[in-house]
Structure formats: structure tokens, C-alpha cells
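Student: Could we go through this structure together? I should like to begin with a helix and then turn to the chain contacts.

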Amino acid sequence: MRNEHLSYEDVLRIVELVKSTQFSEFRLKVGEIEVHLRRKDGEAAAPVPVRTPQSTPPAPAEPATKRAEAPATGGATLLRAPMVGTFYRAPGPGSAPFVEIGQRVEPDTTVCIIEVMKLMNSIAAGVRGTVTAILVENAAAVEYGEPLIAIRPDAGAV
Amino acid sequence: MNRAAGGSRNGRRFEFVDVTLRDAHQCLWGTRMTTAMMTPILGAIDRAGYAFINILGGAVFDVCVRYLHENPWDRVKLLCERLETPCDALTRGQSLYTFELFPDDVVALNSQLFARLGVKVLTVYDALNDNRNIESSLRSGHAAGMKVNAMMTYTLSPVHTDEYYVARARELVKLDADFISIKDPTGLLTPERGRTLFPAVVKAAGKVPLKLHSHCQSGLAPEVYEIAMQSGFRYGYTASEPLGNGASLPATEDIAARARRLGFRTVLDSKALAEVAGYFACLCETEGKPRGEIAQYDAALYRHQIPGGMISNLRYQLQTMKIEHRLPEILEEAERVRHDLGYPIVVSPFAQYIVTQATLNVVQGERYKTIPDEIRKYALGYYGRLAAEPCDEFLERANIRPEEAVTEAPAEHLEPWLPRLRAQLGSGASDGDLLLAAFYPPALLAPLRKPAPAYAFRTTPLHELIRYLGSRRDIEYARVRFGNTDMTFAAAQP
């Protein structure tokens, strides 16, 4: 009776063998089960997912390593990313940006959000002054220490 | 306990809740089991004799949308239709599937939709064990005709004592929970703790039956399940053997054998269980996914308490930041952060909070220089009651003043959302669409409109072999012979 049916265990063993060999021709006889396989020439032994075209997560977005260096920002303080993350200019989709160029800010004014590992970090200006440049696109990936926003401190502001 | 040895338990049943389609692959496969992988074996799972089958949880819902591009409601509907065993779906209470809080009208609509799709048991937990956050789920779940299983999340801390869990269980009895579960997301329970905690909770629960949901990271869960049975728990959550153990839950086969040895009756069909296990063992191999391995006892687990799945996810995130080598430091810092924050339970979403804060502290070289907004809100009580006060160093760096503290129930300050969503989506929008729009921005939902593939609803080992050989682009010829069968496959010409 045993040989009338293929068991999951038999399949498991065959799959393991197929995966572990690189030979172009492969013959196997175990008891009453015989398997004979031939590979195409030079074909890499990479299976396509059996049923799950979508099963692997999309590769994470390439960090924008080649982004243009921050423009010269003579005299301005550069606010930098505290972590690798995603830069947001507004509190939510469709909301007005926290700040625009030319806007005056206080040290505790929230000027942007950096999303780190799914959590939102409100970033404060840290200085009293005027926003002179926004150096990163909304929703862009940012590297650790990357300049985000330039703020020209008021005369005498620390 | 003065029971006569063995005899008095004759006839007492211990029953099983399957997690193979939910938590098992969440823990072992990064939640990447597709509906197409489930459908061929549903018939055998249904015959296996489970009391309930858990089909949905927060991560499953989210991964369906974000990565598998499957409409989660379609999956719930299909599984409920195909399975005669009652289906159980889990939410994070007032947060449902995400880390946010939703108003009661969204929670209620979710319960109504579950019931309409065929869900029989709504399982619900709150990550702070603040039962105010599951009240509206209980109410709306009952109103929709479902049973509600309320979970208390287990953790280790000076404040999470047996008395603490007894008090939570009493609250759940008052809230009319149909079942009470102890959920141990990191496998921290030990047989010693079970011996005091379980009888105390069984007593507090009175007539409400108890379920145990414990993971296997410490390797102790199977023994812990034995203590639960002996203490009067009626159900255990388990997974098919290839997807049991490790970060997952115990194997059904193992726990069933233990139950029988202790004199409990089980109603499982071992032939069906073997078929299910054979199918998933093959699927692990053909899909290149890991099987659950019995974990070695790891003392460090009891300190940082971070689930295995989360550590592998963190390692991946650190790799992309090129700081993978700092993982041990971050795990040590996570233990301190948890203490500083007043012992939040290391479960979603607080596991993420702790790990992210620990990473920020280590990478910035200064503790609490950056504090995520969500962690500040947690400390203010916005998500619910804290188990203990955060430490002064944290409160000072977070600039939290006592008058900012939130004391009202977490969803109380939330206005209903449905009128706005209905206006946005138009009167033709289904309840499922309204809910998805409450959880996700439109861009994430667009891919869900693609038609579902044709699903196979039965399979055999031979089917699986053919499917596998057919999927290998490198094989141009295959012949398989056994018994009276002789089959030849040749690659289609390109």
C-alpha cells in the first residue's frame, strides 16, 4: 500500500534533494519511488515562489546617498537628522507644513517630524531665528546627521 | 489540591485553539503566509478537532495590506466560509490593528463587520492591560452576536504581581467576557509562576473559562501548559508542529500528548493533524521559510523580554542603518528604558517604543535626547493607565508636567470618525472600505483592488511536488514514478 501513494515526507525529501544539488542531471530511486530531473544548461538554481508572487516584502527604499550636498548656508544653523528615518514637513498628509522659508521660529517651535522605526519624532528648531532653507523633500529618507533645515539665528540668539 | 490521583479528572476535556494561520507565521515567517498558502489545507485543519481557529490579528491585517496586497476582509470572509470550526479574530482593542487609538464608532463597525463575515469569537487585548480600552470592543462584539475573549498580557516586573492579574480578571468578569486568556507574548511564564498565578486567576474568573496563549522563546511553554491544564484552564492556543515552538506557540501534537498523559480527554483527529503538519513541513521547504525550532532556555530573555521576531526585525533595521554591531548594547539599553518608562509590556506597540527609544539613546550617545512623540503620549497616560510611574530622568527630559497627565478613558476625547469617512468615500462605500480608509492612506489601499488569484481548495503530496517542480525555472525535464504512477514533465519552450 505504501507505494501507491506519495507522502508529504517523500515530497519533503525530494524537495530537499533538488534544492541541495547543482548537478545538471539527477536520478533518484528510493524504494519504489524514482525521480529523474534534468536542469537547463547554466541556469541558476533559483526557484520562483510557488504561490506567492507578493510574499516577499518590497526591498526597502534605497537611502538617497547621492543627494546634492546642502547648499552653502552662510551663518545659518543646520538642523540635522537625529537618526536614519523619514522626513516630514507637516503633521499629517494634507496638513499645512510646520514651517516655510522666511518664517520666524522659537527654540521650541516644531519644524519637522522624523519618523524612526515607525515612531514620529517632532524636531524643534532649537534656536530663535528665521528659516532660510528646507534642504530635504517631504517624505524623503534621510541619513543620520543629514542637514534638514537651515535657520538663521537672530543676532544675539544662542 | 486534594483530588484523587488521576481518576477525578476522567472525562475532563482540554481543548485547542489553532494559531497556525495567524500567530505561528507571524512569529516565524514575518507574517508572510498568503491566503493561497492556506486554502489547500483548510479542509484538514477543519477536520482536526480544534475548538476555535484564530485567523486574524493586528500584524496579519497590516501585512495583508502593506506587503501581500491582499484585502484582509476578503481573507476573513473566505476563511470563515470554508471553515466549519468557529473562527476567532483578534484585535488590539481600541487600536484595532494599528498603534493609534480609534473612536468607539470605528471599533463598533469593525465588530459588526466581523460578525457579518462569519467571525464567531472576537479576541481582544490592550497592551497596557487597561480594560477601559477593551470595553467598547466587548460591548459591540456582544451586540453583534459574537463571543468575546478578553486577554490579559503577562509580563515580568515588580508591579505585575499575581494580585495585579487577579484584579484585571475580576474587571473582565464584570465586563461579561465570555472567555479570559492569559497572553504571554514573549514566553516568559515559568511553571513556578504558573503554579501561583493560574489557580488565582481561575478562582477570580469564576465560571468564565480560561485560555492560555504562550510563546516558546524560553522553551518552557509546554510545561507551563501542563500547569495551566492542572489549574483548570480549558483551552490552549497551539500551532501545527512544523510551525510550533521557537518564537511561535507550542505544537498541538506535543500539548495534546501531554494533556492525555495528565488524564485529560482531547478530541483531536491525529490523522488530520498529521496531514496538516506534512503540508506545512513541505511548504516551509518549498517556500524557503523556517520551521519552528525548540528554543534553548535563555536567561537574557527574562531581562530585555523582547520577542524573537522583534529582535530579527530590529537586526534588519540596524543593518539598513549600518549599525548592526550595536544590537547587544541596544538590548541592554532596552531593559533600562523599560524600567524608566514604568514597565510597559513588551508587546505591540510598546515593544516598538522601547526598542526605538533604546536605539535612539545608544545611537545618539545621550539618553532621551530625542523622545518619540508616541512615547511622550504614553507617559502622559494618553493610551491608558501606566503600570508604574516613569522615572524622574525621563519625565524631566520629556518635559512632562503633572497637569498635562490624561486621566479620562483613552478614547473619550475622540470624536466619531464615520460621518467624515462616509462623506469622503460616498454612500456607495462598503463598511470594509470605510474601515480600511480609517486605518490607511489611499495610496496603500490602491493595490488591494487587484483581483484575488484562483485558490486551490485541496491538495495532495503529489500536487505539492508537481507545483514545486513546475516552479523551478532551472528544471527542463522531470520524471516521477511510484506505485502505478509514472509522470514526465518538460519545460515549456520559451
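Tutor: We will discuss one helix of chain B and then the contacts between chains B and A; please note that the model is predicted.

Student: What should the 14 residues of helix α15 of chain B span at 1.5 Å a residue?

Tutor: Helix α15 of chain B, residues 327-340, should span 20 Å at that rate, and this agrees with its end C-alpha atoms, which are 20 Å apart.

Student: Which residues of α15(B) are buried?

Tutor: They are I330(B), E333(B), A334(B), V337(B), R338(B) and D340(B). Because they cover an arc of only 145° around the axis, they lie on the same side of α15(B).

Student: And what do the buried residues of α15(B) pack against?

Tutor: Their packing partners are α13 (301-304), α16 (350-364) and α18 (392-397) of chain B.

Student: Which residue follows α15(B)?

Tutor: G342(B) follows α15(B), and its phi is positive, near 85°.

Student: Now the chains. How many residues of chain B are in contact with chain A?

Tutor: On chain B, 48 residues are in contact with 46 residues of chain A. The element of chain B that gives the most to this side is β9(B), with eight residues. By class, the side of chain B that touches chain A has 22 nonpolar, 13 polar and 13 charged residues.

Student: In which sense do strand β2 of chain A and β9(B) pair?

Tutor: The pairing of β2 (residues 33-39) of chain A with β9(B) is antiparallel, over six bridges.

Student: What is the bridge partner of R38(A) in β9(B)?

Tutor: R38(A) has Y477(B) as its bridge partner there.

How values were computed: Residues numbered from 1 in each chain as written. Chains lettered and ligands numbered in written order. Predicted model: local features only at pLDDT ≥ 70, side-chain atom pairs only at ≥ 80, totals over all residues. Helix = DSSP H or I, 4+ residues; strand = E, 2+ residues; numbered from the N terminus. Expected span 1.5 Å × (residues − 1). Buried ≥ 20, exposed ≤ 12 C-beta atoms within 10 Å, placed from the backbone. Arc of directions from axis to C-beta. Contact = placed C-beta atoms within 7 Å. Nonpolar A, V, L, I, M, F, W, Y, C, P; charged D, E, K, R; others polar. Pairing = 2+ DSSP bridges.
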